[in-house]
Amino acid sequence: MSGPPAPGGHRGRTVEHIARPRTAGIGLDVFAVEDRSAQAVCSSLEPGRFTVSVSGPGRPRPLTVEHPGGPVAWELNGLAPGRRHRVTVRTADGRTVARRAFRTLRPPPSEELFRFATLNDLHLGREDKRGTDRLGARPGARTPQDMARDALSDALAWGASTIVVKGDVCDQSFDRYWDQALSLFAALPVPVWMLPGNHDTGTRRAVEPDVAARLRGLRMIRGVEHLDVDGLRIVLVESGIPDGGWGDIARHRHDVADLVADARAAGTGTFIGTHHQPQRFRTPLYWPHGTPGPNAGEFARTVRAADAGVMVSSGHTHRCRRRDVAGVPWTEVASTHHFPATWAGYRVFEGGLMQVVRRTAVPGALAWSETTRDALGGIWALWATGTLSDRSFALDWRRLR
């Protein structure tokens, strides 16, 4: 549900922002939807044989699975675009253990041209904080590098042809953590573009992130850069202020607006990737603080004046959200490291863009992320996931312009 524009140019939401807690029984939820597919996740499923069926238009063939127990993710394919479906999980003897209704997306106009994926808040090296970090101290904990590698594996299998990392590559900018980044990215078969986050440019850094990346043959953006792919311009914007945690994206607004205007003249839309989230007001209402509301609003208004066929996505908060900032769709995507352990896929069409945020489905990564669901007394699961419409949606450039 949308409300009137809030101070600072934001369009607020009400209770739709509150994610459902774990559902009863096996905790079945549909975490991601596209036009012809969806990702269903069970947080806890007993061992046994199960049938997973989807009702609705298209009637895809049911899945029959042997499950060893624990969390599991299923890919539901063969769905009808823009239609209501229902996934049902039954035991071998036909007993229904869970069902969940959902609606697929309608794709933007015309053909799909390109796919890319974003990751953020990898925090490579955070395992060194196990003495003080309660997540890292848990039994069976996986390292941030393990989780990022699994997220990349999922994104590549999904079809991503470029990877964008929107900040906090490392927990601190130390050489040994950048060595982890090298082992993570160097062998990938697709280009990788990285932005620094507040952890990469914090006061404890031993090396500048762009220097560390360049010495290892990696691409780290400082300031503003862009790349053009089929049907889209991707603009990467450094939002952080070195030696501090605050964001300041408005300082780049004119450079970005020029790039957006050029993309409009070439007949494409623009995706803007950055690190810090837009606050609703000048004063932050929660941790971590990001870009003050007036600053984010000034950036969004300047960019939108160049072209309304644009969206922005950030990280930093380790949660999933979508809202409008001065008329510009702006999303936040959760971290790869802990619950819900996500990455975002983007499908580029001639007439628009589709975002789908997926949980990392590699079994070990999914199991570890589920153990972190109960952080902060269970509040974290409600805070971090957002709603399905925060995570999965399609933009039609004609409707925005």
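Buried means under 20% relative accessible area, exposed over 50%, and partly exposed in between, with a 1.4 Å probe and protein chains only. The model is predicted: local features need pLDDT of at least 70 and side-chain atom pairs count only at pLDDT 80 or more, whereas totals for chains, interfaces and linings use all residues. Residues are numbered from 1 along each chain as its sequence is written, and side-chain values use heavy atoms, with hydrogens and water left out.

**Exercise 1. Determine which residues of helix α6 are buried and what covers them.**

Solution. Step one is to delimit the element: helices (H or I, at least four residues) and strands (E, at least two) are DSSP runs, numbered from the N terminus. Helix α6 spans residues 363–371.

Step two is to list the buried positions. These are Ala365, Leu366, Trp368, Ser369 and Glu370.

Step three is to identify the cover. It includes the strands β4 (37–45), β7 (70–77) and β20 (352–359), together with helix α1 (144–158); contact here means heavy atoms within 4.5 Å.

**Exercise 2. Identify the salt-bridge partners of Glu370 and classify each residue by burial.**

Solution. A salt bridge is a side-chain nitrogen of Lys or Arg within 4 Å of a carboxyl oxygen of Asp or Glu.

Step one concerns Arg359, which pairs with Glu370 with the closest N and O atoms 2.8 Å apart. Because Glu370 lies in helix α6 and Arg359 in strand β20, this bridge ties together parts that are 11 residues apart in sequence.

Step two adds Arg373, whose side chain meets that of Glu370 at 3.0 Å, N to O.

Step three is the classification. Glu370 has 8% relative accessibility and is therefore buried. Arg359, at 3%, is buried, and Arg373, at 12%, is buried.

**Exercise 3. Describe the bridge between Asp128 and Arg176, and place it among the salt bridges of the structure.**

Solution. Step one gives the geometry: the two side chains meet at 3.5 Å, N to O. The pair links distant parts of the chain, with Asp128 in the loop between β10 (112–119) and α1, and Arg176 in helix α2, 48 residues apart.

Step two gives the exposure. Asp128 is partly exposed at 47% relative accessibility, and Arg176 is partly exposed at 48%.

Step three widens the view. The whole structure contains 29 salt bridges. One network of salt bridges links Glu34, Asp35, Glu75, Glu112, Arg115, Arg347 and Arg358.

**Exercise 4. Establish the surroundings of Leu184 and Gln172.**

Solution. Step one locates the residues. Leu184 is in helix α2 (residues 175–185), while Gln172 is in the loop between β11 (163–166) and α2.

Step two applies the burial criterion. Leu184 is buried at 5% relative accessible area, and Gln172 is buried at 10%.

Step three lists the contacts, with neighbours up to four places away in sequence left out. Leu184 touches Leu122, Leu124, Gln145, Ala148, Arg149 and Leu152 when neighbours within four places are set aside. Under the corresponding exclusion, Gln172 is in contact with Lys129, Tyr177, His199 and Arg204.

Step four gives a distance: the C-alpha atoms of Leu184 and Val348, 164 residues apart along the chain, are separated by 26 Å.
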